[in-house]
Amino acid sequence: MGLSVEVAHLSYGYPNQDILLRDISFTVRAGETLCLLGPNGSGKTTLLLCLLAIHQLAAGSVSIGTSNIHHMSRKKLAREIAYVPQSIATAFPFSVFDMVLMGRTPHLSKFSVASAEDEEQAGGALERLGIIHLKDRAFNEISGGERQLVLIARALCQEARVMIMDEPTASLDYGNQIRILQIINELRDSGYAIIVTTHNPDHALLAATHAAIMKNGRIVFHGSPDEIITSQNLSGLYATKIHVLKTSFPGEPGSEVKVCIPRM
Amino acid sequence: MTHEMKKRFLPISVLLPLLGGLVAALFLGSFLLGRYPILPGQVAEILASRFIHLPQSWPDTMETVVLKIRLPRIAAALLVGGALASSGAAYQSLFKNPLVSPAILGVSAGAGLGAALAMLLSLPWFGVQAMAFGFGLAAVACTLSISKIFSTGAMTVLVLAGLVVSAFCEALISTAKYVADPIDKLPSITFWLMGGLARVGPRDVTLAAFPICISFIVLYLVRWQVNVLGLGEEGALALGVDSRRIKIIVILATTLMSAAAVSVAGVVGWVGLLIPHIARMLVGPNFQVLLPVSLLLGGGYLLLVDDLVRSMNVEMPLGILTAIIGAPFFVFVMTRVRRRWA
């Protein structure tokens, strides 16, 4: 059964500094993807870290299902929310399989290590994403796109019902970006509640059921991607002229899609 | 170019028994070295007589040499080498830095200061070891306290605090040497700081074995979490690992282990830096297997170097030899792993 994430009037500031996030509220249900857009420094990653209880809130609450995350143990929270970071720099060459197997950590008891069953789960996650052939390779020697898939496999292995992804398509080539977006859609269809940040508004149009635009630590627009990804909103947000055009696939008159094109 | 892990690393089910067998052979072989000639069968009989009843077919002097002189030294080499290598492996994993050694938080410099002060005060040998152990722990406590002032929790701050404490202790060691009696105390301090196992007795080994074994068990218990710490602070927290608590556990266990090793053997460098790299080349970075392999390799390596020391006409300080062997060997290891550090 899926879980929903409910954020209510969330505010956050680093200790002894100004408030960075103000009065943020939204709900993401199972089978939905919320795409967070916004310029650099708008607070997207900080918000994700608040949702993971890595940052303590100044005000407001974050709930998973009916539980406030700040009343949950870290381990229990990790069983409910999986996190896919932008990237991970490892100092030593862990194998891809070991990296994915670490996703089982929230399910292990104190002082125990992964069992054969956990290893099966890790293998299953790698197979689901079609990267089982990478399992014996060193994580720091595979390509950026492959690393991102490995981090998603780790999140799958975690068996959480909410997935938080921080710019999963950053620094990937176009093909890998599309592949990641397809995977996000597949995960959403399988019942995950997904929160994903991106700098590319086209990604919100392609992979989100909801979108929120952040500016200066606030959500300034929130709604369906069709409603809020508009020329006016984007041009105002990024201080450059951006057109959102409607088009359709060649030979498919009914297949209307929107694309964002900046005016250079 | 990519490499498959399976091709690069040996299976642990093969390596651990192989290493265990080699270290056991080295352990028994080390009894044969020295001025008093003893045959392998006699060593086996004398050692076995401690556990099962055997009619004594060897002179008392031989038993004294085996059990009171050679066994403590051999056991100390295994313990100290294993402890330093395990500490190095733990710190390198914790700090996510392949250039970290057990001395990074000031334990060696602190222990050196404690030993130097004890010698200045003309304390007995046990007092020197106790002061070395206590000051080693105190130095790391100072490092942790200084890093807390900045309350960022950043590992860089911890390392810088360790450098500051080490430098301060080194300065005080130099002061102790400056004011020490040049005929008697200065050579004692200098030789202690160069490391060695010549004065190790059965009681020293027993006293050091306790904290070293306990610390090793603690590190082994948190072996999974240490791997997860390799994903960084946020990565570990997101997987439900209380990274702060695990860091403190690892630092405490490693400090206890290193302080016990240094209090027995003095300052023996390079083992804690070099051996984890060799272990990682053999089995990969997974701390579950890296830790036991480092223990065996470290113990075996230091025993081999100490055997070399014992075979020389004039006994050279252990720390000098580990540096002479360790420095060029480290360059060799760096050339093997440099691609992965890039």
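Trainee: What makes strand S3 and S9 of chain A paired strands, and in which sense do they run?

Mentor: Pairing takes at least two bridges between two strands. In this predicted model, S3 (residues 33-37) and S9 of chain A are joined by 4 bridges, so they count as paired, and they run parallel. One of the partners is A:Ile213 in S9(A), which bridges to A:Leu37.

Trainee: Why is S9 of chain A called largely enclosed?

Mentor: A residue is buried if 20 or more other C-beta atoms lie within 10 Å of its own. In S9(A), residues 210-215, 5 of the 6 residues are buried, so the rest of the structure largely encloses this strand.

Trainee: What lies on the other side of the pairing, between S9(A) and S10(A)?

Mentor: Here 5 bridges join S9(A) to S10 (residues 218-223), and the two run antiparallel. A:Ala212 has A:His222 as its bridge partner in S10(A). The two strands form a hairpin with 2 residues between them, and A:Asn216 in the turn has a positive phi of about 50°.

Trainee: How do you know which strands of the sheet in chain A are the edges?

Mentor: The open sheet has 6 strands in the order S6-S7-S8-S3-S9-S10, with mixed pairing. S6 (81-84) and S10 of chain A each pair on one side only, and these are the edge strands. From one strand to the next, the twist averages 15°.

Trainee: Which strands does helix H1 of chain A lie across?

Mentor: H1 (residues 44-51) lies across S3, S7, S8 and S9 of chain A, running at about 150° to S8(A). Helix H6 (residues 174-189) of chain A also packs on the sheet, touching S3, S7 and S8, and its direction makes about 155° with that of S8(A).

Note on methods. Residues numbered from 1 in each chain as written. Chains lettered and ligands numbered in written order. Predicted model: local features only at pLDDT ≥ 70, side-chain atom pairs only at ≥ 80, totals over all residues. Buried ≥ 20, exposed ≤ 12 C-beta atoms within 10 Å, placed from the backbone. Axes fitted to C-alpha atoms, helices over the stretch in contact; angles between N-to-C directions. Contact = placed C-beta atoms within 7 Å.
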